[in-house]
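Open the model in your viewer and keep the sequence panel beside it. The stops below say what to select and what is there.

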Amino acid sequence: MEFFEAIHARQSIRKFQDKPVEVDTLMKILEAANRAPSAGNLQAYQIVVVQEPAVKARLDAASGHQGSLAEAPVVLVFCAHPQESATRYGSRGEDLYCIQDATIACAYAQLAATALGLASVWIGAVFEPEMVRDALRLGGSQWPIALLPLGSPAEQPPRQPRRPLQETVRWIASPR
Ligand SMILES: Cc1cc2nc3c(=O)[nH]c(=O)nc-3n(C[C@H](O)[C@H](O)[C@H](O)COP(=O)(O)O)c2cc1C
């Protein structure tokens, strides 16, 4: 799928078919995430690939039983690594850059998944970080930022509207 087609095709899908994601496809998504920019190229994050149903069920419980995390064949969990970023950037790395690193990687993965014909939804607003940390046995300094269930779509919801550009963009032009 062409780049702008993927941008426009992506929408949140919360119901998934009971169909595995091929390893080759998964690797392409992970390689795309790995190409994302990061502060100082530190890539201060880790992506946990979850396929085990019992662990997906725990992630679902951690996100208020929304359903998509248990249903999808694969869940990618993007975890920021504050200490790694802090080694070079101090508190700014700890509080901001590692979160940006993990977030951008997730955005790349989501678009790559769309381009490969897969559906996903970004789970970030509602989840208990400590429950996710326990389920994944994350090391001391890793924090889950976003969870991305992936799979073949089992629904076609209406597309969500967007605010007009005039509301979200401000131009500062140089005088001619
Ligand atoms: C930071 C962030 C957190 C989100 N958290 C959730 C969530 O917890 N559960 C959910 O179903 N969707 C979640 N979403 C998906 C949004 O609801 C969705 O992207 C938005 O409504 C626009 O719809 P669209 O993705 O179909 O264009 C989240 C998206 C972002 C970027």
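Is glutamate 71 buried, partly exposed or exposed? Select glutamate 71 and show the surface: its relative accessibility is 36%, so it counts as partly exposed. Bear in mind throughout that this is a predicted model.

**Stop 1: Glutamate 71 and its surroundings**

Keep glutamate 71 selected and colour by secondary structure; the residue belongs to helix α4, which covers residues 68-71. Leaving aside residues up to four places away in sequence, glutamate 71 touches Arg14, Lys15 and Phe16. Now add tyrosine 89 and draw a distance between the two C-alpha atoms. The pair is 18 residues apart in sequence, and the distance in space is 39 Å.

**Stop 2: Alanine 72**

Move on to alanine 72, in the loop that runs between α4 and β2 (74-80). Alanine 72 has 0% relative accessibility and therefore counts as buried. Show its contacts: with residues up to four places away in sequence not counted, they are Phe16, Lys56, Pro149 and Leu150. For leucine 150, compare the sequence with the space. Alanine 72 and leucine 150 are 78 residues apart in sequence, while their C-alpha atoms are 5.7 Å apart.

**Stop 3: Alanine 61**

Next select helix α3, residues 53-62, and find alanine 61 in it. Alanine 61 is partly exposed, at 26% relative accessibility. Add glutamate 128 to the selection: 67 residues of sequence separate it from alanine 61, and the C-alpha atoms lie 8.9 Å apart.

**Stop 4: The loop between α2 and β1**

Which residues in this loop have a positive phi although they are not glycine? Select asparagine 41 and glutamine 43. Asparagine 41 has a phi of about 55 degrees, and glutamine 43 has one of about 50 degrees. In general, most residues other than glycine have a negative phi. Asparagine 41 sits between α2 (23-34) and β1 (45-50), and glutamine 43 is placed in the loop between α2 and β1 as well. With the surface on, asparagine 41 counts as exposed, at 59% relative accessibility. Glutamine 43, at 23%, counts as partly exposed.

**Stop 5: The ligand**

Select the ligand and the residues around it. How many residues surround the ligand? There are 13, and the closest are Ser12, Arg14, Gln66, Trp122 and Arg162. Colour this shell by class to see five nonpolar, five polar and three charged residues.

Then draw three distances, each to an oxygen atom of the ligand. From an N or O atom in the side chain of serine 12 the distance is 2.6 Å. From an N or O atom in the side chain of arginine 10 it is 2.9 Å. At valine 126, use the backbone: an N or O atom there lies 3.3 Å from a ligand oxygen. The ligand taken alone exposes 620 Å², and the protein buries 66% of that area.

**Stop 6: Glutamine 110**

From arginine 10, one of the residues with a distance drawn to the ligand, go to glutamine 110, which touches it. The other contacts of glutamine 110, not counting residues up to four places away in sequence, are Ser120, Val121, Trp122 and Leu148. Trp122 is also among the residues listed as closest to the ligand. Glutamine 110 belongs to helix α5, which spans residues 82-115. Is glutamine 110 buried or exposed? Its relative accessible area is 6%, and because buried means under 20%, glutamine 110 counts as buried.

**Stop 7: The whole chain**

Clear the selection and zoom out. The chain has seven helices and four strands. Follow them from the N terminus and the order reads α-α-β-α-α-β-α-β-α-β-α. The radius of gyration is 17 Å, close to the 16 Å that the globule rule gives for 176 residues, so the chain is as compact as a globular protein of that length. Along the principal axes, the C-alpha atoms fill a box of roughly 60 × 40 × 30 Å.

Colour by burial next: buried residues are 39% of the 176 in the chain. The accessible surface is about 10,500 Å², and carbon and sulfur atoms account for 53% of it. Last, turn on contacts between residues at least 6 apart in sequence; 78% of these join residues at least 24 apart.

Notes
Residues are numbered from 1 along each chain as its sequence is written. This is a predicted model: local features need pLDDT of at least 70, side-chain atom pairs count only at pLDDT 80 or more; totals for chains, interfaces and linings use all residues. Side-chain values use heavy atoms; hydrogens and water are left out. A residue is near a molecule or strand if one of its heavy atoms lies within 4 Å of it. A polar contact is a pair of N or O atoms within 3.5 Å; within protein, one must be able to donate a hydrogen and the other to accept it, and residues adjacent in sequence count only if both atoms are side-chain atoms. Accessible areas come from the Shrake-Rupley method with a 1.4 Å probe; for residues, only the protein chains shown count as cover. Ala, Val, Leu, Ile, Met, Phe, Trp, Tyr, Cys and Pro count as nonpolar, Asp, Glu, Lys and Arg as charged, and the others, Gly among them, as polar. Helices (H or I, at least four residues) and strands (E, at least two) are DSSP runs, numbered from the N terminus. Buried means under 20% relative accessible area, exposed over 50%, partly exposed in between (1.4 Å probe, protein chains only). Contact means heavy atoms within 4.5 Å. The radius of gyration is taken over C-alpha atoms; the globule rule is 2.2 Å times the number of residues to the power 0.38.
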